[in-house]
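Student: Got a minute to go through this model with me? I'd like to work through a few helices and side chains.

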Amino acid sequence: MSRLDVVIPCHNGAHCVGRQLAALGRQHTDVDWGLVVVDDGSTDALSAVVDDHRRHLPPDTRIVTRPVRGGTGAARNTGARAARGDRLLFLDADDEIADDHIAAMAAALDRAELVTAGIDYQRLNPPQVLRGTPPDQLPDILTASLFKPHVLGGLMGISRDLFEELGGFDERLPALADVDLSWRAQLAGRTIGVADTVVSVGIRATHRGRFRRGRFQGHDIVLLRRKFAAHGTTPVTWRGHLADWLRLPVTAARAGAPAALSALVWELGWQTGVLGALRAEPRLPSPFTAPEPS
């Protein structure tokens, strides 16, 4: 009989994960499912929050602890290894699923090996935050980015067979491991299904949070473009990076008021991350090409 395991990576998320756990406790489903919360090097009271919600969660609810923070991709891989089911459902600690989420995602996984859900940005984010957020920081599902559409990690359902065939999340790409896995799945001939449910997604409302996320993604985009260069993604160059710096004021202004400042902060973070990756000159070989002979 098929079983589904929910995996929630969490680093110092005790202040927000309770909302997601409460939503899991409200699920209306006949699906056999369990929950793995991955404590990714947290220093807060995550275990206590999980314990407060256990009476509403499935009996097979476990906390798996990583002593050192490894990032979202590494934490999701840890949770997948601990999971016992043949289907995996990844959620983010600061989002909130609908009451039919598990049932809808399980139904979608009956039709496809990689699935996603819809996104609602309105419910968890105040209007002033949404007005101050550039549209390109509010991705829609299955929007093609550079190469192929991708599934956001916190909205992802996947069969264990496919997850293991792909080798899980690439831990060298902590910010964009979901993009990488989605692309590899499609290159392996899989299509992406969409479940009939919606996840309420929280967005980063502080400039510090936007800068950090932009920096992480900017760093990873350099590696990701190199990894898939054989399939048409254009590597980031120093010349292109310099041109992007010079275009920063125009890029920010294009977002329009009142989102211009947020756009500028994000772009500063992004370009800082790109700069770090270019300076490090990481070697991330494509898994789709044969290694050079020694």
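What follows is a short round of questions and answers about this predicted model.

Student: How are α8 and α11 oriented to each other, parallel or oblique?
Tutor: Start with the axes: helix α8 (residues 207-227) and α11 come within 6 Å and cross at roughly 40°. Angles under 35 degrees would count as roughly parallel, and 65 to 115 as roughly perpendicular. That makes α8 oblique to α11.

Student: And what is the handedness of that crossing of α8 and α11?
Tutor: We've got the angle, roughly 40°, so that leaves the sense of the turn. For α8 and α11, the crossing is right-handed.

Student: What about α1 and α2, roughly parallel or roughly antiparallel?
Tutor: Helix α1 (residues 17-25) and helix α2 (residues 46-53) have axes that come within 10 Å, crossing at roughly 25°. The crossing of α1 past α2 is right-handed. The cut-off for this class is under 35 degrees, so α1 and α2 are roughly parallel.

Student: Is L264 buried, exposed or partly exposed, and which class does it count as?
Tutor: L264 sits in helix α11, residues 260-280, and joins L261 and L268 in a nonpolar surface patch with about 220 Å² of accessible area together. Its own relative accessibility is 30%. Buried needs under 20% and exposed over 50%, so L264 counts as partly exposed.

Student: Where does H150 fall, buried or exposed?
Tutor: H150 lies in the loop between α5 (127-131) and β7 (155-159). Its relative accessible area is 14%, and the cut-off is under 20%. So H150 is buried.

Methods. Residues numbered from 1 in each chain as written. Predicted model: local features only at pLDDT ≥ 70, side-chain atom pairs only at ≥ 80, totals over all residues. Heavy atoms only, no water. Patch = residues over 30% accessible without salt bridge, like charges linked within 9 Å, V, L, I, M, F, W, Y side chains within 5 Å. Areas by Shrake-Rupley, 256 points an atom, 1.4 Å probe, with all protein chains shown as cover. Salt bridge = Lys/Arg side-chain N within 4 Å of Asp/Glu carboxyl O. Helix = DSSP H or I, 4+ residues; strand = E, 2+ residues; numbered from the N terminus. Buried < 20%, exposed > 50% of the residue type's maximum accessible area, 1.4 Å probe, protein only. Axes fitted to C-alpha atoms, helices over the stretch in contact; angles between N-to-C directions. Parallel < 35°, antiparallel > 145°, perpendicular 65-115°, else oblique.
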